[in-house]
Amino acid sequence: MTIENLDNDQIILATGGYDHTIKLWQTHSGICNRTVQHADSQVNDLEITPDRHLLAAASYQHIYMYDLTSNNPNAIVNYEGTSKNVTSVGFQQDGKWMYSGGEDCRARIWDLRSRNNQCPKIFEVQSAINCTCLHPNQVELFVGDQNGIIYRWDLRTDNNEQLIPENDAMILDIDISPDSNLMASVNNKGRCYIWSLETGLGDIATKLTPRHKFEAHKRHALKCKFSPDSRLLVTTSADQTARIWCSETFILLQELKQENQRWVWDAAFSGDGQYVFTASSDGYAKLWNVKTGAMERDYASHQKAVVALAFKDVP
Amino acid sequence: MALYDNKYWLLSHIRNSFISTDDTGMCELVMAGEGKDIKFHLSNMELYPDPEDSDDEEDDFESYDLPLDMDFSTRERSSTKVQLEKLDQARKKVGRMRHIRWETRNKNAPDEECSNMFVKKEVKPKKEHTSKLSALMKNCLNVPRNPYIEYAKFDGSGQVNVPVKKYKMYITMLPQHQRNYPMHISCVANAKIQDLIGLILLKFSSTQEASGINLKSVSQYGLYITEEDGEVDRDFPCLDPKEPVSKFGFSTLGLVEHKDVAKTVNFPEDYQSVSILESNRTRTLSDKSKADENRQMENDIQAVEEHNKLMEAPLYKSFRAHMLSKVKPKVEVSIGVSGERIEIDPVPQKSSKLLPFKQKAVSHPIDTIAWCEITDVKHTRSCFRLVYSAMSSHNVQQGEVSALSSASSYPPTLHSSASFKHYDFESDNKTAQDIVQKIRLILELKSTASREKYMAAREKKTKKKNINFIK
């Protein structure tokens, strides 16, 4: 993908997984237009910077950044110093800093404004971190760990608050709706928990009130994501399906299922919530029509499981 | 023999000896890591001080041939090498990764910098809209899916830790002038040949060149062994589509559309297809020979008119016969006769591997054919002889299949009748008659220079004979 391409076609879909490659796709044709080698490790999570210039890949002990504006096959930045797998990565909305969570029980803030990470921040928990999610207000980071605890880490004050939705269950993913009214969390028992969020004024922290709990899947639920309009919630699971729920009534709207697609690891909505991408262990990324539940495209060329995808639509 | 116990002298001597004999530069590398002590002594003006203040009277510590040069650790290098190194370093610099290590917060960092990192943002409601992806998908609703997309998973480019095979691929469906460069294809090693074909078609279909070409299903194509220059070797059957690519070692292949599926796919084992060919049907020539055909047609419009008069003579027909030779056993061959060329292909036998030799497939442009006649008629079998000009057939053997564009471009340089060679065949009477008649008709139509020369030579010979006889 060149700079011209970016200007013309700013839709970016990146996928990665266990075959040590990251692929960039032409979304409407299903053609892979770039493959970068990610030789050191599997890809745990992918995220595109807000300016669409870089792709961050969370991997074992490193976060690598790839340049999306050139054809440079090598990573251009290597964030190192974590001792185990980095499981999740994300960006502040202006690209000022990057957050990450990892199996070394630490959530980190990486200062991206200067070249040398001048103002790092670290938050340590009791067990491996599975997921992180930044509140749309950009000052509260939610961290989920293997002990089943959700931490609300206030980045300004470093205070934290803990939630334990269920004993003996791992928190596998957390998401906050873009309108910041709801928070969803899924665990390894397939359950999904929903909180209502009440935004505090000024320095007052967000207040969380448990709202709903439902059996989203029979086995591990791996990811949950709200649609950009906050009306839908997609959950993915080891039961070989992804499910789309109404975020008001939590009624099942669609089940995205295909024979032998194996574990569905990740999902992302299109900018208007009409389509959803999924990544699965059968080596495919797939594009589904939310209204009909039909698969409209598949993206084939990974040799092993696809566990992470990053998607940036053009509004 | 002399005995020395001054270690600095010995060291110097060894160094000199090494440097003067070692062309690999390895000793330089090793000596680069020498200790401070040695360096000090080597650069010391007072050479080789006796470590224990011995009364060694020797003054001449130098090795005999080489004056000790203090600058010997750097060898003069060619400017190209220096330049190359510079380029290499520049490239590395460009490709260098920036490493950012996690460090705990620097206490000197201004607090203000850090405090304005976390600014609370107002969450604004989003507007309803149609995203670009949805718009694109809507536009592409009726665009057919690339039929080869399922083969994308065999793409080997960019794979890590997966064995891949790389190929140079010539796409023979392209017109000649676009076929100068091969397509580079990388394929995972566990794919089958048919998967590789699908992958080629997928890659090819997304290129500009493919726009004018109607691509068909994967089974309609075959991969053939191909020369580095793109010359497809049709003497071999196409690679078996069911076999894994790792079974074959070839790195240059040609993708060929099957014109006659029955013939190309089952060529080696099953010769049923000959009957199809024998049913006097025209054979669609390969693209290349088609081009040649066109060229020849232009050069010889008259011949084309003649073709129309005697329609069936130049049409391709295949015959079966046995090739005779004084030194080799009989070999069953198929003789393909057309207005352009005569092809002699050995018929693969079940036991062909056991034969001590293999008849090569040969092809002679019709311009090189001089004569054809029946030499012997037996009860059921006839022998016949095909005479050709050896001069031009030499080119054929070098792999040049192209017909001579016109006879005049290759003036027959026949100094004697020895320039003519011949094949002897044996077949049943009917076939022999058919072949001879057909070839004669074609020769008459074409009136090739080889034939004229041959006829002239023969006439001369008979005249000579007659003269001798008169004498």
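Buried area is the accessible area that two parts lose on being put together, summed over both. Keep that in mind as you open this predicted model and look at where its two chains meet.

**Stop one: the whole interface.** Colour chain A and chain B separately. Between them they bury about 5300 Å², and carbon and sulfur atoms carry 57% of that area. On the chain A side 75 residues are in contact, and on the chain B side 45 residues.

**Stop two: the salt bridge.** Select Asp94(A) and Lys121(B) and show their side chains. These two meet in a salt bridge, with N to O at 2.5 Å. The rule finds one salt bridge across this interface. Polar contacts are there too: 22 residue pairs, with both residues at pLDDT 80 or more.

**Stop three: the chain A surface.** Which elements of chain A give two or more residues to the side that touches chain B? They are strands E2 (21–26), E3 (31–37), E7 (77–91), E9 (106–111), E10 (121–124), E24 (275–280), E25 (284–289) and E26 (295–300). The largest share, five residues, comes from E7(A). Now colour this side of chain A by residue type: you will find 29 nonpolar, 27 polar and 19 charged residues.

**Stop four: a strand pair across the chains.** Stay with E7(A) and add residues 98–101 of chain B, which form strand E1. E7(A) and E1(B) pair in the parallel sense, over four bridges. To see one of these partnerships, select Val77(A) together with Arg98(B), its bridge partner in E1(B).

Note on methods: Residues are numbered from 1 along each chain as its sequence is written. Chains are lettered from A and ligands numbered from 1 in the order in which they are written. This is a predicted model: local features need pLDDT of at least 70, side-chain atom pairs count only at pLDDT 80 or more; totals for chains, interfaces and linings use all residues. Side-chain values use heavy atoms; hydrogens and water are left out. Contact means heavy atoms within 4.5 Å. Buried area is the accessible area (1.4 Å probe) that two parts lose on being put together, summed over both. A salt bridge is a side-chain nitrogen of Lys or Arg within 4 Å of a carboxyl oxygen of Asp or Glu. A polar contact is a pair of N or O atoms within 3.5 Å; within protein, one must be able to donate a hydrogen and the other to accept it, and residues adjacent in sequence count only if both atoms are side-chain atoms. Ala, Val, Leu, Ile, Met, Phe, Trp, Tyr, Cys and Pro count as nonpolar, Asp, Glu, Lys and Arg as charged, and the others, Gly among them, as polar. Two strands pair if DSSP finds at least two bridges between them.
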